[in-house]
Amino acid sequence: MTVGIFSAEVIFAFILTTVLLNRYGNWKTQNIVVTTAVLIAWYFSLLIIFVLPIDISLAAYRKCVQDGHNHNDNTTNSSHELSACNKPWSYVPESTLPKMWRVVYWTSQFLTWFIMPVMQYYVKSGEFTLKDKLKNAVKSNTLYYSTLLLIVTILIVYIALKPGVHLDWQKLKAIASSASNTWGLFLLILLLGIALVDIPRELWRSSQIDYTLRKVYFKLSKLNTEKLESEGALEDVLESIKSVSISMSPNDPLYDCFQIILKKVPEDQRDFLKNVRSNSRNHTTPSIGMLTRLHKQLIVAVHMYHRTETQGSLMLEKAIFLEDINSNMTSRERKFKKMFNKPSKLNSYADTSTIEWYWWCRLHPMMLQVLSVITGMLSVVIVWSEMTFFKKQPVLSIFALMVNMAKQNNDYVMIQVLSTLSIAYLAYCTYSTIFKIKLLNIYYLAPNHQTTESSLIFFGLLLSRLTSPMCLNFLGLIHMDSHVIKSRILETDYTQIMGHMDVITIISDGFNVYFPTLILAVCLATYFNVGTRILSILGFPQFLEDDDLVTDYIQEGRLLVVREKERRERKIRGNEMRRKYRERSLPNANEEVEERVPPSRKDNMKSYLLDNADPIDRSYHSYSTNDTHEVERQLPNVSTRPNSTWEPPRNIFSDL
C-alpha cells in the first residue's frame, strides 16, 4: 500500500505532464524526438515536486528511528519511543529514492546542457537535410558553449588559486552545482517576486466582471494587431517565393528544395502563388543559401499566422461570453441567457440555465475572491519565510515551525501534506510566471496546440534548470539543508544526490542578507507595477488602467466584438430568411404540380408527359402513317423477347 502511494505520485505527474504538453504542443505534427525530449524534461521537473514530500517524510522517519536507537543505548526501556516511529504511509525501500534521484539528476543535466540546446537550433533551422540541420545547430551553439566554458574555467582557476583547496571530481561537481544554483536562485527570485504578488491580485480582480472584460478587450486588440502583422509578414514571404518561382524549373538542381518550401505554404494562401508573371527586372538566380533563409522565414511566418488567427478567434469567443455574463448579472429571472453560444448537450436533457446563472454570476466570483485571500496569505508566509529562513535560533520561518512541530509529533501524514501544499504553491508561482513569458514573440507558450517546437524546448530548459534550485530553496525554508542552518542534521536523499543550496564563492559572502532583500524588492516593484510601466515605456503595451494608450486598445477591442456580433447576426438573419423562403416556396411549388397532374395519371408521370405533349405536325415527314406502322412491325419487340440477341441492320454503304 505504501509503495502504491509512491506509484500514484509518479503516474499522476506523468498524466499532468502529458496534459500540459498536449495543451501547448501538437504531438501529431511535432518531431517525435522533440516530443520525447520535452516530455522527459517537463516530467522530471514535475516528478521532483511530487516525490520530494515523500523524501521529507522518510527523512523525518529516519531521524525518529535514529533518536530512538540513541535513546536505547542510554536507557533500558525504550519500547514506547520505538513504537512511536511507525512507518510513514508513503514508505518506500531505502534504495528507491536515491536511484530515482540519480536517474532524474543525470538525465536532466544531460538534456539541459547538451541535447536540448542543439535541438533548439535544429528545429529552427531552414536547412533541408538532416546533416545540414545538425551542422547548423552545432555551429549556432558554439558561442553558447564557448561562453559557458569560459565561465567555468574562470571559476576553476579562481578556486584552484585559493590556498588549501585541492580540486578533484567531487570539487568540480560541487562547483558546477553551485554555479547552476546561483543562476537558478536569482532567476527564481525574479519569478517568485512577480507571482507572489500578481496571483492573489489577479484572482481578486478577475472576480470583477468589468475589469475582466476590459482586460480581454485589451488582449483582443493586441492580438488583432499581431494578426495583421503576421499576415503582412506572410505576404512578404509569399512574394519572395513567387519571385523565386519565376526562375525555378523542374530541371533545376534546387527544384526539390523549392518543392519542400511550397508544401509548407498554408492551403488558404496557395491561390496567392498561382498568378505568377515573369518580370525580367526581378529575375534572380536562387541559391541554396537564399532558399534556406526563405524556408526559415516561411516556417516562422506560417506559425505566427496560425497562432494569431487561432488565439484571436478564441479571445473573441471569450469576450462574447464575458459580455453574456455581464448582461446576466442584473437578470431578475436568474436564468443564464446566451447570445450566440450553442447550448450544451446537457441542455437537451434538462434546463441548466438557472444553475449556470448561479455559478457564473454568484458562486464563481465568490470562489475567486476566496482563492485570492488564501493565495495572498500563502504569499505573505512565503515572503516572511524567505526573509528569515537563514535564522536558526529562534526559528522564524513559518514553514520550518510547522514541519518541526509535525516532526515532534511524528505525524508523517501532516509533514507530507504541509510539504506538498507548500512546494506546490511555490511551483505554481514559478511555473505560472514562466508560462506567461513572451520573448519578442519568439519564445511563447500558446495554448490550443499553437506553441512552436523551439518554444517547447526553451521552456523545458527553464523548468529543468529552475526546479532543482526551487526545491533546494524549499528545503532551506523548512531547515532541512545543513548548509543553510550550519548544523549537522539527517538530510533527505534528494540533498545527498542533488547537492545543497550553495552559491559560487565569489558571491557567497552575505548571501543570506541580500537574497531576502532582493525578493522583497521584487515583490514591492510588482505591487507598484514598476516592471509593467517600464515595459510600456519601452514600447511593449501593458494593461495599465490609467494609461491613455491602454484606453484606446480597450475601445478598439470593444469595437472588434461589436463587429463580430453584427456579422453573426447578419449570418443568422440570412439563414433564417433562406429557411423561411424555402418553407414558403417549396410547398407552393408542390401544390402547383399536384394541381396540374390529373388524378388518373398521378402514378405514371411518364404517361402524363406523353399525353400532354404537343401534337406532331406530320406534314413535315415524307413517309405516311402506314409506312411508320410497317417499320415498327419489322423491328423486334425487345420487351417481349428479353433473351434474344438483336443485331442492327447492316450499313448499306459498307459494301461499296
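Is K215 buried, exposed or partly exposed? With a relative accessible area of 21%, K215 is partly exposed, because the buried class ends under 20% and the exposed class begins over 50%. The model is a predicted one, and the values discussed here are computed from it. The account below begins with the whole protein, returns to K215 and its partner, and ends with the surface and the loops.

The protein is built from 22 helices and 2 strands. Its chain has 656 residues, 40% of which count as buried. Among contacts with a separation of 6 or more, 76% are made by residues 24 or more positions apart. The accessible surface of the protein amounts to about 39,200 Å², and carbon and sulfur atoms account for 60% of that surface.

The interior may be considered next. The largest nonpolar core contains 96 residues, and the residues with the most contacts inside this core are W101, I434 and Y494. Helix α2, which spans residues 32-74, gives the most to this core, with 21 residues. Y494 illustrates how such a residue is surrounded: leaving aside residues up to four places away in sequence, Y494 touches I48, L52, D55, W101, T467, S468, C471, L472, L475 and G499. Apart from the largest core lies another core, of 26 residues. Its members include Y217, L220, I320 and V550.

Cysteines deserve a separate word. A disulfide is a covalent bond between the sulfur atoms of two cysteines. The structure holds 0 disulfides. Two of the cysteines may be described individually: C361 is buried, with a relative accessible area of 5%, and C257 also counts as buried, at 15% relative accessibility.

Charged side chains form another kind of link. Side chains of opposite charge can pair when their charged atoms come close. The structure holds 13 salt bridges. In one of them, K436 pairs with D198, and the closest N and O atoms are 3.5 Å apart. This pair links distant parts of the chain, since K436 belongs to helix α13 (residues 412-436) and D198 to helix α7 (residues 169-206), with their positions 238 residues apart in sequence. The two partners fall into separate classes of accessibility: K436 counts as exposed because its relative accessibility is 56%, whereas D198 is buried because its relative accessible area is 18%.

The partner of K215 is E202, and the closest N and O atoms of this salt bridge are 2.8 Å apart. E202 lies in helix α7 and K215 in helix α8 (residues 209-246), so the pair ties together parts that are 13 residues apart in sequence. E202 is buried, with a relative accessible area of 15%, while K215 is partly exposed at 21%.

A further salt bridge joins the side chains of E356 and K338, at 3.5 Å from N to O. E356 is part of helix α11 (residues 353-388), and K338 is in the loop between α10 (288-328) and α11, so this pair ties together parts that are 18 residues apart in sequence. E356 is buried, with a relative accessible area of 16%, and K338 is partly exposed, with 33%. Salt bridges can also be joined to one another: E317, E564, R567 and R568 are linked in a network of them.

What forms a nonpolar patch on the surface? The patch consists of M387, L520, L524, Y527, F528, V530, I534, L535, L538 and F540. Together these residues have about 940 Å² of accessible area. Helices α18 (511-527) and α19 (530-537) each supply at least two residues of the patch. F528 is found in the loop between these two helices, α18 and α19. At 55% relative accessibility, F528 counts as exposed, because exposed means over 50%.

Two loop residues complete the picture through their backbone angles. N410 has a phi near 50 degrees, which is a positive value in a residue other than glycine. N410 is placed in the loop between α12 (398-408) and α13, and at 22% relative accessibility N410 counts as partly exposed. N448 likewise is not a glycine and has a positive phi, of about 60 degrees. N448 is found in the loop between β2 (443-444) and α14 (453-477). With a relative accessibility of 36%, N448 counts as partly exposed.

Terms used. Residues are numbered from 1 along each chain as its sequence is written. This is a predicted model: local features need pLDDT of at least 70, side-chain atom pairs count only at pLDDT 80 or more; totals for chains, interfaces and linings use all residues. Side-chain values use heavy atoms; hydrogens and water are left out. A disulfide is a pair of cysteine sulfur atoms within 2.5 Å. Buried means under 20% relative accessible area, exposed over 50%, partly exposed in between (1.4 Å probe, protein chains only). A nonpolar core is a set of buried Ala, Val, Leu, Ile, Met, Phe, Trp, Tyr and Cys residues joined through side-chain atoms within 4.5 Å. Helices (H or I, at least four residues) and strands (E, at least two) are DSSP runs, numbered from the N terminus. Contact means heavy atoms within 4.5 Å. Accessible areas come from the Shrake-Rupley method with a 1.4 Å probe; for residues, only the protein chains shown count as cover. A salt bridge is a side-chain nitrogen of Lys or Arg within 4 Å of a carboxyl oxygen of Asp or Glu. Patches are made of residues with over 30% relative accessible area and no salt bridge: like charges are joined within 9 Å, nonpolar side chains (Val, Leu, Ile, Met, Phe, Trp, Tyr) within 5 Å.
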